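Work through the exercises below with the sequence and the 3D structure in view. Each task is followed by a solution that goes step by step.

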2 protein chains.
Amino acid sequence: MNLPVYYQLLSDITRLRIVSLLLEGPLCVCHFQELLDQPQVKISKHLAILRKKGLVEAKRESNWMVYDLIQDRDRGLRKNLKALKQSRSGEKLLEEDLERRGRLLSSLSKNPGLTPASICCTKG
Amino acid sequence: MNLPVYYQLLSDITRLRIVSLLLEGPLCVCHFQELLDQPQVKISKHLAILRKKGLVEAKRESNWMVYDLIQDRDRGLRKNLKALKQSRSGEKLLEEDLERRGRLLSSLSKNPGLTPASICCTKG
DNA sequence: CTTGAATATACACTTTTAAGTATATACAAA
DNA sequence: TTTGTATATACTTAAAAGTGTATATTCAAG
């Protein structure tokens with residue numbers, strides 16, 4: 001990961017929102033679908049781009065793919081991600097995403113038996 | 001200036017180099033031409049984009065246009081620019097730009113009578 | 001008021017990137 | 001082994017962004 005690639009990845013609003021959410025912790029594809037209210041293809045493709053460029057990684061959890069930021073990040077990347085995290089206030093879209101994430105996670109913790117799918121993707 | 005716009009501006013390598021240089025201080029168009037070794041149109045157009053989006057400002061100095069980062073920057077922007085500044089080491093291109101800038105400015109200070117033009121744009 | 005230097009802009013062209021549709025893959029459960 | 005759910009990929013189309021050439025603008029100097 002070098003700087004030009006990093007900025008290019010964040011230059012798309014969908015990817016920016018994804019990365020912003022991942023700063024708070026890992027999420028699966030269907031959660032992104034719900035939180036960003038965007039179609040599955042779109043989410044999957046942007047996640048694929050982020051993964052190909054080495055900013056995020058994915059692990060399968062039975063049927064679900066859980067994405068997270070790459071863990072061993074170089075100094076420069078850490079600094080920039082920290083700056084991003086610290087500069088979200090005032091960014092309406094990003095803040096709303098975080099709020100939605102909070103609600104989603106709290107509903108998850110109240111019903112520990114729920115799979116991701118039963119929360120976000122469908123029909124309860 | 002909001003985050004999405006900011007990242008989009010930096011997603012182009014030429015603009016990233018320009019902004020990186022401006023972190024060290026103002027420069028005129030012909031300096032950018034020399035330091036980045038890129039044609040005038042290209043430099044001018046990217047500077048126009050940066051200006052239109054509110055990241056840089058320009059003031060005319062007789063025949064030359066001197067560009068600088070916008071001075072009153074919001075908190076988020078400051079944080080991100082600081083992170084950029086701190087994460088340049090290891091980025092070959094950006095480091096070379098800074099070295100070239102150093103050489104250019106030292107030659108300027110040795111010959112205080114020189115206009116920008118007599119340094120960078122042409123035929124001594 | 002003409003000339004030349006520095007910079008900006010308009011237009012045409014090319015490349016890149018994003019988005020949608022359809023289809024494929026991977027897995028779990030029946 | 002069929003079915004349904006989650007996710008990924010191929011292909012196509014549309015939009016955006018970058019680049020070059022030519023031309024315009026602005027200013028200083030003669």
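**Exercise 1. The strands of chain A**

How many bridges join strand β1 (residues 27–28) of chain A to β3(A), and do the two run parallel or antiparallel?

Solution. The structure is a predicted model, and the steps below are read from its computed features. Two bridges join β1(A) to β3(A), and these strands run antiparallel. Within this pairing, A:Cys28 has A:Val66 of β3(A) as its bridge partner. The next step is to turn to β2(A), which is joined to β3(A) by six bridges, again in the antiparallel sense. In that pairing A:Glu57 stands opposite A:Asp68 in β3(A). The link between β2(A) and β3(A) is a hairpin with two residues between the strands, and A:Ser62 in the turn has a positive phi of about 50°.

**Exercise 2. The sheet of chain B**

Find the order of the strands in the sheet of chain B, and explain which strands stand at the edges.

Solution. Three strands of chain B form an open sheet in the order β1-β3-β2, with antiparallel pairing. Because β1 (27–28) and β2 (56–61) of chain B each have a single partner strand, they stand at the edges, and one side of each is left without a neighbour in the sheet. The pairing of β1(B) with strand β3 (residues 64–69) of chain B is antiparallel and extends over two bridges, and here B:Cys28 stands opposite B:Val66 in β3(B).

**Exercise 3. The two sides of a helix**

Check the length of helix α4 (residues 40–52) of chain A, and then decide where its buried residues lie around the axis.

Solution. Begin with the length: at 1.5 Å a residue, the 13 residues of α4(A) should span 18 Å, and this agrees with its end C-alpha atoms, which are 18 Å apart. Next come the buried residues of α4(A), namely A:Ile43, A:His46, A:Leu47 and A:Leu50. Seen down the axis of α4(A), the buried residues fall within an arc of 105°, so they line one face of the helix. This fits a general rule: an α-helix has 3.6 residues a turn, so residues three or four places apart point the same way. On the other side of α4(A), A:Val41, A:Ala48 and A:Lys52 are exposed. As a last step, follow the buried residues of α4(A) to what they pack against in chain A, which is α1 (3–10), α2 (13–22), α3 (29–36), β2 (56–61) and β3 (64–69). After α4(A) comes A:Gly54, whose phi is positive, near 85°.

**Exercise 4. Two copies and their contact**

State how chain B is superposed on chain A, and describe the side of chain B that touches chain A.

Solution. A rotation of 180° with 0.0 Å of shift along its axis superposes chain B on chain A, with an RMSD of 0.0 Å. The two copies are therefore related as by a two-fold rotation axis. The same surface serves both copies, since 100% of the contact residues of chain B recur in chain A. Counting the contact, 19 residues of chain B are in contact with 19 residues of chain A. On the side of chain B that touches chain A, the elements giving two or more residues are α1 (3–10), α2 (13–22) and α5 (75–86) of chain B. Of these, α5(B) gives the most, with seven residues. By residue type, that side of chain B divides into seven nonpolar, eight polar and four charged.

Definitions and conventions
Residues numbered from 1 in each chain as written. Chains lettered and ligands numbered in written order. Predicted model: local features only at pLDDT ≥ 70, side-chain atom pairs only at ≥ 80, totals over all residues. Least-squares fit on C-alpha atoms with pLDDT ≥ 70 in both. Contact = placed C-beta atoms within 7 Å. Helix = DSSP H or I, 4+ residues; strand = E, 2+ residues; numbered from the N terminus. Nonpolar A, V, L, I, M, F, W, Y, C, P; charged D, E, K, R; others polar. Expected span 1.5 Å × (residues − 1). Buried ≥ 20, exposed ≤ 12 C-beta atoms within 10 Å, placed from the backbone. Arc of directions from axis to C-beta. Pairing = 2+ DSSP bridges.
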